[in-house]
Amino acid sequence: MPKEIQQAEATRCSRRRTCCLLVYGCQMNISDAERMEGQLKSIGYERIDSMEDADLILINTCCVRETAEDKVYGKIGEIKQLKRRNPELIFGITGCMAQKEGEALIKRAPHIDFVLGTNKVHELTKIVRQLEITREHVVDVMLGETELPDDVPVARGSGFSAWVPIMYGCNNFCSYCIVPYVRGRERSRRPEDVLSEVEEAVQQGYKEITLLGQNVNSYGKDHRQADFAELLARVDQVKGIRRVRFMTSHPKDLSDRVIAVMKSGEHLCEHIHLPVQYGSNRILKAMNRVYTVETYRDLVRRIRENIPQVSLTTDLIVGFPGETDTDFRETLDFLKEIRFDAAYTFIYSKRSGTPAAKMEQQVDEELKRARLQALMEVQNAVSLEINHALKDSVVEIMVEGPSKTDPSVYTGRTRTNKIVLFPHTDEKAGDFARIRITQPQTWVLKGERVSG
Ligand code: SF4
């Protein structure tokens, strides 16, 4: 072993080192960060919350919306001061912004030591070790490689619910979305790799598994070793598993086979997040979503016929270029008709490099905000009505822990993914409990423990 590496190894063993991870964006990013933290732990780093006391700071970034990017640039500025005080500090950027900007990030902020793309999660250990020895900038953002972060340690953020990625990337190219450009084409993990990660998590005591992907319903289209329906059925049968969830589903790919597996599966939770994005065919076409309101409506009908207790949630974007009052009214009507349990609503954010960014008739910001407000009012009324129907019913929840605002109140989640608040007695995170719903609200259900 060369002398400088021996010295670095000796220094590594002689003191405790700490890392601070700042994670932005979607669940896929959180899952990637768990794999990054696992790798850092394996080479002796302990995660802490304070940037000031860390030996290594990592920002796992998101670029889906402009506001997310702005937050990251703000943090990069703050870290410049820390780096000045402690030149030994290692500072890296990973995730979607790293992929999109690459070397430009280091040109703009030379105090960044490394930039690691979305396909390079598994290389973190190697890069950090290299930087501990030589402080030369590293940029590694090549896309299109088939290697997946299968064999890396995972430091899961929760003790009862585990995220398991089943595929990476997306082939859909919705016209507003940057994801296919920064995460590359779809690559599915082998079914045996997914299953062994699920089995290991269950053996470690995880009760709930969420299978993750940008579009889980196209799982296996690349390797053809199993499709999503088959994978879901096999995960449902893992010994000791209590709950299985998945996200996200593209409406064009959710098949009748998946619905049938959900219907017969014992541990498959009755919840589907099914982003509709908009409620008029004209805008859906401009978004390149490849389905119509009619086919979406028919899919919802088939889901509800087969899984009557299912809860459906969705994502919606307002202010897409060219949106008219008529399009918007159609969307409000569609929301009232479909009656989602909840909707996550967003204002369209222009992302350079996407086709929608070049479209004419961008919608005025004030109008976007007014439409968002109107949309939320309609949806909130629907959510409240649906939740009111649960008053006095008894639901099974998995306990998640104390509420952030009041530690005497605990939160849990139903199989249908509704959040339940209840007065704490002796429950622990990961326990299952039966709760009578006494006060249904728009976003949460309040209740009390019942025995049995
Ligand atoms: S399905 Fe569309 S919105 Fe979802 S990640 Fe792929 S391109 Fe983006």
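User: Which residues are around the ligand, and what makes them count as near?

Analyst: In this predicted model, the ligand is surrounded by Cys170, Asn172, Phe173, Cys174, Cys177, Val179, Pro180, Gln214, Asn215 and His250. A residue counts as near if its C-beta atom lies within 6 Å of the molecule.

User: How many charged residues does that shell hold, by class?

Analyst: The shell has no charged residues; six are nonpolar and four are polar. Cys and Pro count as nonpolar, whereas Asp, Glu, Lys and Arg would count as charged.

User: Why is Arg224 called exposed?

Analyst: Arg224 has 8 C-beta neighbours inside 10 Å, and the exposed class takes 12 or fewer, so Arg224 counts as exposed. Arg224 sits in the loop between strand E10 (208–212) and H9, and its phi is near 55°, a positive value in a residue other than glycine.

User: And why does Gln361 count as exposed?

Analyst: The same cut-off of 12 or fewer applies: Gln361 has 9 C-beta neighbours inside 10 Å, so it counts as exposed. Gln361 is in the loop between strand E14 (342–347) and helix H14 (365–388), with a positive phi of about 60° although it is not a glycine.

User: Which residues touch the most other members of the largest nonpolar core?

Analyst: Happy to list them: Val164, Ile166, Ile209, Leu232 and Phe320, in a core of 100 residues. Helix H9 (residues 228–236) gives the most to this core, with five residues.

User: What makes Leu211 a contact of Ile166?

Analyst: Contact requires C-beta atoms within 7 Å, and Leu211 is among the residues in contact with Ile166 beyond its neighbours within four places in sequence.

Conventions:
Residues numbered from 1 in each chain as written. Predicted model: local features only at pLDDT ≥ 70, side-chain atom pairs only at ≥ 80, totals over all residues. Core = buried A, V, L, I, M, F, W, Y, C linked by C-beta atoms within 7 Å. Buried ≥ 20, exposed ≤ 12 C-beta atoms within 10 Å, placed from the backbone. Helix = DSSP H or I, 4+ residues; strand = E, 2+ residues; numbered from the N terminus. Contact = placed C-beta atoms within 7 Å.
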